[in-house]
Structure formats: C-alpha cells, structure tokens
Amino acid sequence: FGKKMPEGIEFVKQYRAHLDKINDIQVSCDGQRLCTASSDKTIKFFDVIGFDMINMLNINFEPACAVWIHEAGRQGRVAVADKNSGLIQIFSSEGINMANKEEGSLKKIELHSVPVKCMAYNPKYLTVISLDTEGFIEYWDSNDYGPLKKGTTLFDFKVETDLYALSKAKTVPSSISLSKSCETFVILSRDKIIRVFDFRRGKLKRVFDESLKMFEKANEEGKLKIDSIDFGRRRAAEKELEESDSLDFQKAVFDESGYFLIYPTLIGIKIVNLVTNKLVRILGKPEIVDRFLTVSIFQGTAKVDTQFLLARDKQRALSGQGGRALTSDELIKAQIPDPTLCCTAFSKKRFYLFSRREPCSDDGSEGRDVFNEKPTAEDVGVAVEAESVLGREAVLRTTLGDIRIKLFLDECPKTCENFCGHARNHYYDNVIFHRVIKSFMIQTGDPLGDGTGGESIWGGDFADEFHRDLRHDRPFTVSMANSGPNTNGSQFFITTVPTPWLDNKHSVFGRVIGGMDVVEVIENAKVDKLDRPFSEIKVLSVEIT
C-alpha cells in the first residue's frame, strides 16, 4: 500500500497476501474497499483507509477477474469470473454467502459460453459489463443479475449496436474502463486497437489503431521522428510483448472530465482529446527501454492533514532521517493539487510516476529514480564490475594538496567513464591548471596546457549528459569544459561560486567533497592576461576509488 502525499507517494504497508499469482485487483466505486483474486483460489478483501485485510474467501475455482458491484454505502458484493468456464459468481465481501451453502456464493450467472476476460461496474445505471475471450460484450443488472430494466439503454437489440465489434475482429479483450460520468467506456484488446463506446447507445465513438503495423508504416513515412536504432529496439520489445500474456495487463483510463483518454502505446503514453480527436501529449517517449502497460491517474489534492505531516517529520527526526519542522510555505503547498499518472511496464518490477513537478533531491546526488526491487545475480555482477572499473570517487593529487571529488556515475555514466578512463590511463598526470578565474572557476585536463588540446577515451568528442538534479547551483561543482554542444573531450573545471548560466551547456559529473581549501588556494593564484597562473600548478595524478 502507498499513500498519496502532497508531493509524490509514500510507502505505508506491504502484504504477502497470496500463495500464488494475483489475477486481478479491484477497488470499489466508493474507494473504501479493495479485493484481490488469486490463482490460489482465494479472494481477499482490504480496507483502503486502514490498510488492513478484513476478510478472506476460499472458492472452488480459479478466478480470472473480479469487480465490485454494490452501490456506495451498501453491503459489499463482488462478481468473480471462473478462469476455465463462462460462469460468474456473486460473493459478499462480509463473508455472508448463505444463498448457496455448497458454493458459498450469492448467485451464479451463466451469460457467457466461454471464460470471461474482464468486467466493469457502472454505478450510475446499476449495470455490469462483462467481456469474454471470444469478444462478446454483455450488459446485466447488478441487483437482480438479469436483463437490464427498460430505459437503462437506448437500444432494444444488440444488433443495433457495435457491441459485436471485438467478436467480428476476432480479438480478445484485455481491459475495460469507464469514464467518471459513466456514459462512456473504453476497451483495450490484443489487436491493440482502442475502442471507445457510448454506454447507453452501445455505439463506437472513437477508434484508435495503435498496432505495430501502423507504427511501422508511420516510421517508414518519417512521421514518428524516431532514430532507426531506437525504433528497432521498440519493435523488438513490441513483438515480444505480443507473444506474452503480459499484453493482457494493458489498460486505458479517462481523466475526471471524461474529455481525455490516456493509454499506453509503443512510443509512450498517449493523451488524446476525445472531443477534438487530437493527440495532446506523449508521456515517457524518451524511456526507450520501457513499454508501458497499465495506467491509472490521480487528480485533485491529497487528503493529508498537516498534523500527519508534522508527526511524520517528527518521527523521521527521532529515527535520524533528518526530520524538521514544516514551513508555512510547505503547509500551503500541501493543499495544492498534484495530478499524478501511475504506470507499470513490460518485464519491469517497478512502477512509474508522471507529474508536473520536477523530481526533487536534497543534495542532487540521488537522482530521479528509486530502485527498490531485488537485483538479479547478473545485475549485481555487472554493477560490481562497473563500479570497480569506474568508481564513485576520485582524488586529484595536485602540487598544492589533494581534492576529493564525488562522481555522479548513475546520472552521467558516459562522462564518468571518460574521466575514470583518463585517470586510470594516467592521461591527467602532470597536466597543469591552465585557466584560473577568481570568483568563477579553475580549469585543467588539457595535455597541451593551453586550452586547445585533449580528447575523449574513445577519440574525438562525445555528447553532453544533462541531468535535472545536477546543476551549477553551488560552488565546488565539477563540470566538463567544451567549445559548444556535444564537444566534450578531456578538459574539466571546478566552480568556486554558483554559476547557473552554465546549466544545460556543460555536463555536471561531480562535486568536491574534500579539499575545498585547496580549490580556494588555486583560485587565488596570481595569473597573467590569459588567466594562466604565473607559477605552474599541476595535477600530479588522479586516483579512482
């Protein structure tokens, strides 16, 4: 369980709820209850507000999917579909299932001849929508479990609608989601065509083709503006996804207004205006290795009172995690809406958050990402090997003393690899500080000693690496010198004051964490008209640790 905070999400509690995989997880329409359906043939119920498990049901079949079907304030009822038949059974979340003592269910529903793939509850019209593996879509009453009452829909026969669209296309549905108004629903299927339906009319409102074939055609026509190597990787991942059961986890959602549809594609998460039929934005397009699948959205203000925040920070202070009192600005900020999109991705044991906020970091060293999943043995081996070759810190041994530098290996791997490679190859040995400007910076790394030499470990120049958490916002920042965009070689400099005008122009790859006095001594050296010290100051060697 995680709790939405004024900014971001905070971990609360973890349950080892089932002995086998979880096939479905659903929240009730009032947001008070959560249920999980597992292959271990159990249904477990949780209180969302208290983060506690409140009940468990043992059933005699493997559940494929589940959905809450009760009105707000009423006793909880859950419809559960059998993974191996077309049967749907109704259960009470309170454990009172006396109508059928043998099975423990309130009711059995036999509308489908094949297994049901996904279901959705429409609280406005008290209707359940169920979709089976052959693409058939059925509406049924959530109270008496039979046909809908007259006037609920605007059609008399299904042949008047587009509810046979999936069956005609011979595709299997993956998920279904309703808009907040309950007037529209969207279905994602394995053919990767997004179908938006009008609930009462049963008619298609919008259809979006997001298949691999469509993207291949768009790429050939130059519409995607994606590098050929990048597109090749995405296409390979897409083909792997198509052959996997993970494709069934793809899901789309509506925003609160119902005007925008958000869904995952090969090139990122698309946000489409359903009124104008225009693509508004693509999220996550730069994340080449991630193919997003499930999306959900939080809009509004997190319901967290200031006393909770104060108690949390006090607890952090007591545990030595650096707690402090909240300022008045932070208390006001707690009431500001923080819309957040939460996503999962193919073959990734993590989730992703998209926000309008810039990721924050107290010291600029943590970076955007938090990795909580247990690494594989291969990952550990690669990481240890990389760190032993590259290192996390460097010591510049100069003629005036040592300067210890922390390297941002995770944020700027290419730049750090270049710096560590030169250091281990003794490229920087006996190189002078050829440019020293008081109240600005000290520069070195040029084997020619005049500011015109030096190259990367690969020969020639290499590209810039800019990271949102690494700025020239403080003295003792270590950054690459260049002669323009993507012209990094071997030269680097250490600032002695904040230099924000250098942001996104020079790659920050380290901070001085020791020997600041040595930097200041070099900064105060007497120099000529070309900013070159009269007395040579050398880097004797660079040690990587």
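What share of the contacts in the protein chain with a separation of 6 or more comes from residues 24 or more positions apart? The share is 56%. This is a predicted model. The exercises below work through its parts.

**Exercise 1. Describe the make-up of the protein chain.**

Solution.
- Start with secondary structure: there are eight helices and 33 strands.
- Then turn to burial. The chain has 545 residues, and 46% of them count as buried.

**Exercise 2. Work out how H2 and H3 are arranged.**

Solution.
- Locate the helices. H2 spans 212-220 and H3 spans 228-242.
- Take the axes: they come within 11 Å and cross at roughly 170°.
- Apply the cut-off. Angles over 145 degrees count as roughly antiparallel, so H2 is roughly antiparallel to H3.
- List the residues that meet. H2 brings Leu-212, Phe-215, Glu-216 and Asn-219, and H3 brings Phe-231, Arg-235, Glu-238, Lys-239 and Glu-242.
- Sort this contact by class: five residues are charged, three nonpolar and one polar.

**Exercise 3. Compare the surroundings of Lys-225 and Phe-51: is each buried or exposed?**

Solution.
- Begin with Lys-225. Its phi is positive, about 55°, although the residue is not a glycine.
- Place Lys-225: it sits in the loop between H2 and H3.
- Check its accessibility. The relative accessible area is 76%, and over 50% means exposed, so Lys-225 is exposed.
- Move to Phe-51. This residue, also not a glycine, has a positive phi near 60°.
- Place Phe-51: it belongs to the loop between strand S5 (42-47) and strand S6 (52-58).
- Check its accessibility. The relative accessible area is 16%, and under 20% means buried, so Phe-51 is buried.

**Exercise 4. Find where Ser-246 lies and what it touches.**

Solution.
- Follow the chain out of H3. Ser-246 is in the loop between H3 and strand S18 (253-254).
- Read its accessibility: at 19% relative accessible area, Ser-246 is buried.
- Set aside residues up to four places away in sequence. Ser-246 then touches Leu-241, Leu-293 and Phe-346.

**Exercise 5. Characterise helix H7.**

Solution.
- Fix its limits: residues 413-424, twelve in number.
- Check its span. From first C-alpha to last, H7 reaches 16 Å, close to the 16 Å expected at 1.5 Å a residue.
- Pick out its buried residues: Thr-415, Cys-416, Asn-418, Phe-419, Cys-420, Gly-421, His-422 and Ala-423.
- Look past its end. His-426 follows H7 and has a positive phi, near 65°.

**Exercise 6. Classify two aromatic pairs.**

Solution.
- Choose the quantities. A pair of aromatic rings is described by the distance of the centres and the angle of the planes.
- Count the pairs: there are 20 aromatic pairs.
- Take Trp-458 and Phe-462. Their centres are 5.5 Å apart, with 75° between the planes.
- Apply the cut-off. Planes over 60 degrees apart count as edge-to-face, so this pair of Trp-458 and Phe-462 is edge-to-face.
- Add burial. Trp-458 is partly exposed at 39% relative accessibility, whereas Phe-462 is buried at 6%.
- Take Phe-492 and Phe-509. This pair is edge-to-face too, at 6.4 Å centre to centre and 80° between the planes.
- Trace the chain. Phe-492 is in strand S31 (residues 492-495) and Phe-509 in strand S32 (residues 508-514), so the pair links distant parts of the chain, 17 residues apart.
- Add burial again: Phe-492 and Phe-509 are both buried.
- Widen the view. Phe-492 and Phe-509 join Phe-419, Tyr-427 and Tyr-428 in one aromatic cluster.

**Exercise 7. Show how Gly-401 and Phe-466 approach residues far away in sequence.**

Solution.
- Place Gly-401: it is in strand S26 (residues 401-407). Gly-401 is partly exposed, with 22% relative accessible area.
- Pair Gly-401 with Val-519. They are 118 residues apart in sequence, yet 9.0 Å apart in space, C-alpha to C-alpha.
- Leave out residues up to four places away, and Gly-401 touches Leu-396 and Val-518.
- Place Phe-466: it is in the loop between strand S29 (441-444) and strand S30 (477-480). Phe-466 is partly exposed, at 38% relative accessibility.
- Pair Phe-466 with Lys-505. The sequence gap is 39 residues, and the C-alpha atoms are 8.2 Å apart.
- List the contacts of Phe-466 beyond four places in sequence: Asn-504, Lys-505, His-506 and Ser-507.

Terms used. Residues are numbered from 1 along each chain as its sequence is written. This is a predicted model: local features need pLDDT of at least 70, side-chain atom pairs count only at pLDDT 80 or more; totals for chains, interfaces and linings use all residues. Side-chain values use heavy atoms; hydrogens and water are left out. Helices (H or I, at least four residues) and strands (E, at least two) are DSSP runs, numbered from the N terminus. The expected span of a helix is 1.5 Å times one less than its number of residues. Buried means under 20% relative accessible area, exposed over 50%, partly exposed in between (1.4 Å probe, protein chains only). Axes are lines fitted to C-alpha atoms, for helices over the stretch in contact, and angles run from 0 to 180 degrees between N-to-C directions. Angles under 35 degrees count as roughly parallel, over 145 as roughly antiparallel, 65 to 115 as roughly perpendicular and the rest as oblique. Contact means heavy atoms within 4.5 Å. Ala, Val, Leu, Ile, Met, Phe, Trp, Tyr, Cys and Pro count as nonpolar, Asp, Glu, Lys and Arg as charged, and the others, Gly among them, as polar. Rings of Phe, Tyr and Trp (its six-membered ring) pair if their centres lie within 6.5 Å; planes under 30 degrees apart count as stacked, over 60 as edge-to-face and the rest as tilted.
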